[in-house]
Amino acid sequence: NIECYLNVAVFTITVSLAPLLLAGFSLICWHILHYFAKRDINPLVREVCLAVVVLNFFYSRWLPQSMFDAPFSTSCIFLCLEATAHRIVDYKIQGATNKLGRDGLPEGNIKDRYQLLSSRFTTITLLFLCQFTLGLFYIYALNNKTDGWSNSSGWRWFIAFLLVNLAGEEEVGNVFSFPYWLQLVKSENPRMQKTTTIWCCITISYTTEAKLRMFMSMIVNMFIRRIIICTAPIFLSLIDDPLDFVKDCLAVLFITKLDELDNPVSLEEDLKKKDRLNNERVCVQDCLGEGDIEDGEDGEDGEVMVTKKRLKAELESLEKRMKKELQSKMEAISSPCEKYRALQERVFMRYETGKRLV
């Protein structure tokens with residue numbers, strides 16, 4: 001049928017020594033141009049090269065036998081090394097350009113939950129645990145596949161490749177933004193030096209929290225995402241039933257977009273919200289134990305932060321004023337009663353005196 005001819009055409013064009021060497025050479029050239037251009041260039045070229053190289057790991061007889069016997073493990077190692085090299089290039093570019101906003105913070109909107117500093121760190125940790133576990137399940141399932149890779153469909157591989165690369169970040173999840181994280185963790189803005197509490201007991205600065213979030217985002221959105229994006233077309237090409245093909249496409253991409261935000265927000269708005277939430281938590285904690293804030297420090301939206309000592313003094317002063325006010329009111333109430341008693345005693349004394357005289 002038609003799909004058989006399309007399968008033969010796809011494998012003939014992509015799986016051989018010439019396409020493998022051309023893809024490898026083009027990938028190296030892409031990274032070199034990316035470094036010297038100091039900007040992002042067409043990412044589709046990189047994705048095509050990676051897809052061809054990975055496809056040859058699974059089906060090309062020109063590779064060493066050790067690589068051919070473990071194609072998925074070889075692909076994972078290659079993809080992680082390539083992703084690391086790409087981020088090193090980004091690091092060099094960031095060091096050369098060092099573009100920051102007017103307030104020393106990175107420009108652009110927040111697109112995923114790891115970048116959303118106002119979200120609770122405990123929630124982000126649990127989200128990372130879920131994505132990391134799902135990613136490991138995916139890697140384990142493909143790495144221990146026992147029925148081989150021979151029943152693959154080249155045309156379905158091509159369709160799956162187009163799906164994961166042309167659907168956009170809204171459908172496959174945002175890529176790890178290394179320049180954004182570098183600007184954030186290296187920012188000297190005083191707001192990033194404020195402290196917050198994670199896991200209900202550990203006090204760290206905003207910068208340290210950003211570094212932890214950066215590490216979790218790197219694991220999920222750089223390594224696991226790269227492995228899924230480049231190996232999902234091969235996994236999907238093994239599915240015979242068209243309906244299962246559609247369902248598995250959505251299931252695989254769900255892993256990479258689990259941390260996405262529906263509506264991106266600006267970093268400035270997010271920091272204001274985080275300061276407000278953090279101030280509320282600090283106020284509660286400061287009533288129960290010693291805080292690390294200074295008397296009179298301004299909080300967000302004009303709030304004034306106080307320490308436990310000052311708060312205790314204010315409460316004692318308030319208590320004294322309330323007692324004094326209560327005492328004055330009691331005296332005001334009891335004064336007419338005392339006058340009545342005195343008048344009663346005088347009348348009684350006059351009555352007794354008159355009785356004796358009679």
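**View 1. Salt bridge between R87 and D90 within helix α5 of the predicted model.** At 7% relative accessibility, D90 is classed as buried. R87 is buried as well, its relative accessible area being 10%. The two side chains meet in a salt bridge, with a distance of 3.0 Å from N to O. Both residues belong to helix α5, where they are three residues apart, about one turn of the helix. Side chains of opposite charge can pair in this way when their charged atoms come close.

**View 2. Surroundings of E82 in helix α5.** Helix α5 covers residues 71–97 and includes E82. E82 has a relative accessible area of 6% and is therefore buried, the limit for that class being under 20%. When neighbours within four places in sequence are set aside, the contacts of E82 are L27, H31, R46 and L50.

**View 3. Salt bridge between K194 and D275.** The side chains of K194 and D275 form a salt bridge of 3.4 Å, taken from N to O. This pair links distant parts of the chain, 81 residues apart: K194 lies in the loop between α9 (178–185) and β2 (195–198), whereas D275 lies in helix α12 (residues 267–288). The partners fall into separate accessibility classes: K194 is partly exposed, with a relative accessible area of 33%, while D275 is buried at 1%.

**View 4. Salt bridge between E209 and K274.** The closest N and O atoms of E209 and K274 are 3.0 Å apart, and the two residues form a salt bridge. E209 is located in helix α10 (residues 206–237) and K274 in helix α12, so the pair ties together parts of the chain that lie 65 residues apart in sequence. Both ends of this bridge are buried: the relative accessibility is 2% for E209 and 3% for K274.

**View 5. Salt-bridge network of R191, K194, E268 and D275.** Through salt bridges that share partners, R191, K194, E268 and D275 are joined into one network. The bridge between K194 and D275 has an N to O distance of 3.4 Å. In the whole structure, a search finds nine salt bridges.

**View 6. Helix α1 and the elements that cover its buried residues.** Helix α1 comprises 13 residues (residues 2–14); at 1.5 Å a residue these should span 18 Å, and the end C-alpha atoms are 19 Å apart, which agrees. N7, V10 and T14 are the buried residues of this helix. Seen down the axis of α1, the buried residues fall within an arc of 70°, so they line one face of the helix. The cover over these residues includes α2, α3 (43–59) and α7 (154–166). On the other side of α1, the exposed residues are I2, Y5, V8, T12 and I13.

**View 7. Nonpolar surface patch made by I28, I32, Y35 and F36.** Together, I28, I32, Y35 and F36 make a nonpolar surface patch of about 420 Å². One of these residues, I32, is found in helix α2, which runs over residues 17–37. I32 has a relative accessibility of 43% and so counts as partly exposed.

Terms used
Residues are numbered from 1 along each chain as its sequence is written. This is a predicted model: local features need pLDDT of at least 70, side-chain atom pairs count only at pLDDT 80 or more; totals for chains, interfaces and linings use all residues. Side-chain values use heavy atoms; hydrogens and water are left out. Helices (H or I, at least four residues) and strands (E, at least two) are DSSP runs, numbered from the N terminus. Buried means under 20% relative accessible area, exposed over 50%, partly exposed in between (1.4 Å probe, protein chains only). Contact means heavy atoms within 4.5 Å. Patches are made of residues with over 30% relative accessible area and no salt bridge: like charges are joined within 9 Å, nonpolar side chains (Val, Leu, Ile, Met, Phe, Trp, Tyr) within 5 Å. Accessible areas come from the Shrake-Rupley method with a 1.4 Å probe; for residues, only the protein chains shown count as cover. A salt bridge is a side-chain nitrogen of Lys or Arg within 4 Å of a carboxyl oxygen of Asp or Glu. The expected span of a helix is 1.5 Å times one less than its number of residues. The arc is that of the directions from the helix axis to the C-beta atoms.
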